[in-house]
Amino acid sequence: MFSLFAKTPATSTRHIGAERSAECATLHASSFAYPWGEADFEQLLAAPETYAGGAVEASESKLAGFVLSRCALDEAEILTLAVEPAWRRNGIGRNLLGSHLAGLAAKGISRVFLEVDEENHAARGLYASFGFRQVAERKAYYRSADARQATALVMRLDMA
Ligand SMILES: CC(C)(COP(=O)(O)OP(=O)(O)OC[C@H]1O[C@@H](n2cnc3c(N)ncnc32)[C@H](O)[C@@H]1OP(=O)(O)O)[C@@H](O)C(=O)NCCC(=O)NCCS
């Protein structure tokens, strides 16, 4: 379906809620070997501690990307982030993460954590460009589709 819209669209970033659960599940399935289901997203997006942003395509309101964090006191953990595969490498991820971090800062969050597969060079490049730095690693933390056991890097960003 997305091949009909392969040209990267103009997007705007905005808060998303449980009404976007099905789209998040579809996008997650196209981005990760072990996808989360629609019910998982419904639960997450309805939870008060979740802070979620979406990059929404202007003309048809399709979800081009999303990012979800869980907040506790002044800390947040980015749980997942994904951009529609056909529309990657066009700045959507950067815009999405930038506005998400600004929103977290406005909520009083002072530290943000996340885990990323050490082989995920795209995501690592994105996080590094926002100043995330590695603070720990978890060996054999992920199981990839080809049964590879991958190391997770734990990254931290201290908000200015
Ligand atoms: C990671 C992801 C969200 C990036 O989204 P995107 O819209 O393609 O990213 P952008 O176009 O905004 O690129 C921002 C930066 O990310 C890095 N990056 C993105 N794709 C890259 C790639 N294929 N190779 C290397 N670096 C890459 C670069 O640093 C880039 O900056 P640059 O364009 O100045 O070089 C996207 O690749 C994705 O959804 N991946 C699958 C899901 C995933 O891995 N999520 C993160 C889990 S921790």
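**Entry 1: the shell around the ligand**

I began by looking up which element gives the largest share of the shell around the ligand, and H4 came out on top with 6 residues. I keep in mind that this is a predicted model. Next I listed the elements that give two or more residues to that shell: strand S4 (75-83), helix H3 (92-106), strand S5 (111-117) and helix H4 (121-129).

I then counted the residues that surround the ligand and got 21. The closest are Leu-81, Arg-89, Gly-93, Arg-94 and Asn-120. Sorted by class, the shell holds 10 nonpolar, 7 polar and 4 charged residues.

**Entry 2: polar contacts**

Which atoms of the protein lie by the oxygen atoms of the ligand? I checked Arg-89 and found a backbone N or O atom 2.7 Å from a ligand oxygen. Gly-93 also uses its backbone: a polar atom there is 2.8 Å from an oxygen atom of the ligand. For Arg-88 I noted a side chain instead, with a polar atom 3.3 Å from a ligand oxygen.

After these contacts I looked up how much of the ligand is covered. On its own the ligand has 920 Å² of accessible area, and the protein covers 74% of that.

**Entry 3: the pocket**

Where does the ligand sit among the pockets? I found that the space it takes is the largest pocket.

**Entry 4: the record**

I turned to UniProt last. An unreviewed entry there places the feature "domain: N-acetyltransferase" at residues 11-160. I looked at that span in the model: residues 11-160 are 28% helix and 40% strand. The end C-alpha atoms of the span lie 27 Å apart.

Note on methods: Residues numbered from 1 in each chain as written. Predicted model: local features only at pLDDT ≥ 70, side-chain atom pairs only at ≥ 80, totals over all residues. Heavy atoms only, no water. Near = heavy atom within 4 Å. Polar contact = N/O pair within 3.5 Å; in protein donor to acceptor, adjacent residues only side chain to side chain. Areas by Shrake-Rupley, 256 points an atom, 1.4 Å probe, with all protein chains shown as cover. 1 Å grid on protein atoms, 1.4 Å probe; cavity = no way out; pocket = protein on both sides within 12 Å on 5 of 7 lines; lining within 4 Å. Sits in = over half its atoms within 2 Å of the grid points. Helix = DSSP H or I, 4+ residues; strand = E, 2+ residues; numbered from the N terminus. Nonpolar A, V, L, I, M, F, W, Y, C, P; charged D, E, K, R; others polar. UniProt positions renumbered as here; feature names shortened; annotations may be inferred.
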